[in-house]
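Visitor: I should like a close look at a single part of this protein, namely its nonpolar core. Please describe the core in the setting of the chain as a whole.

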Amino acid sequence: MEHFFDSKSTAWTELGEGIRRKIVGHTSQLMSVLVHFDKGAIGTAHAHEVHDQIAYVLAGAFEAEVAGKKQVLRVGDAFVAPHLTQHGVVALEDGSMLLDQ
């Protein structure tokens, strides 16, 4: 991984079902990803075995679920999901975007 991320020269990767991502950067212990959602797109609930995750809302709005609790998150809000904790989202607006770390 390079030391710098150039968004203009980095293409979005289509994940299907209204979700696409750009990997901003990564090391063996950390990854930062922009994730773009169409309205109604679902980030299926899952858990990570080793790493924790923080998702920060850059655009739009999401219904987030972490450890069975749901909350609507808007620009500037975030959730924290420690490892082994189920978490997922549903995009409430077109063009909703998370920065996942």
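Guide: In this predicted model, the elements of the protein chain follow one another from the N terminus as β-β-β-β-β-β-β-β-β-β. The count is therefore 10 strands and 0 helices.

The overall dimensions give the setting for the core. The C-alpha atoms fill a box of roughly 35 × 30 × 25 Å along the principal axes. A compact globule of 101 residues would be expected to have a radius of gyration near 13 Å, and the value for this chain, 13 Å, agrees with that expectation. Of the 101 residues, 34% are buried. Among contacts with a separation of 6 or more, 57% are between residues 24 or more positions apart.

The core itself can now be considered. The largest nonpolar core consists of 16 residues, and Phe37, Phe62, Phe79, Val89 and Leu98 are those with the most contacts inside it. At least two residues of this core come from each of strand 3 (31–37), strand 5 (53–59), strand 6 (61–66), strand 8 (78–81) and strand 9 (87–91).

Leu98 merits individual attention. When its neighbours within four places in sequence are set aside, Leu98 touches Val33, Leu34, Val35 and Phe37, with heavy atoms within 4.5 Å as the criterion for contact. The list for Leu98 also takes in Ala55, Tyr56, Val57 and Leu58, together with Phe62 and Val89. Three of these names, Phe37, Phe62 and Val89, recur from the residues with the most contacts inside the core.

Two loop residues provide a contrast with this buried set. Ala67, in the loop between strand 6 and strand 7 (69–74), has a positive phi of about 55 degrees although it is not a glycine. Its relative accessible area is 60%, so Ala67 is classed as exposed, the threshold for that class being over 50%. Leu84 occupies the loop between strand 8 and strand 9. Leu84, likewise not a glycine, has a positive phi of about 70 degrees. With 62% relative accessibility, Leu84 also counts as exposed.

The outer surface completes the description. The accessible surface of the chain amounts to about 6500 Å², and carbon and sulfur atoms account for 55% of that area. The chain carries 8 positive and 13 negative charges, whose mean positions lie 5 Å apart.

Terms used
Residues numbered from 1 in each chain as written. Predicted model: local features only at pLDDT ≥ 70, side-chain atom pairs only at ≥ 80, totals over all residues. Heavy atoms only, no water. Helix = DSSP H or I, 4+ residues; strand = E, 2+ residues; numbered from the N terminus. Rg over C-alpha atoms; globule rule 2.2 N^0.38 Å. Buried < 20%, exposed > 50% of the residue type's maximum accessible area, 1.4 Å probe, protein only. Areas by Shrake-Rupley, 256 points an atom, 1.4 Å probe, with all protein chains shown as cover. Lys, Arg positive; Asp, Glu negative; His and termini not counted. Charge placed at Lys NZ, Arg CZ, Asp CG, Glu CD. Core = buried A, V, L, I, M, F, W, Y, C linked by side-chain atoms within 4.5 Å.
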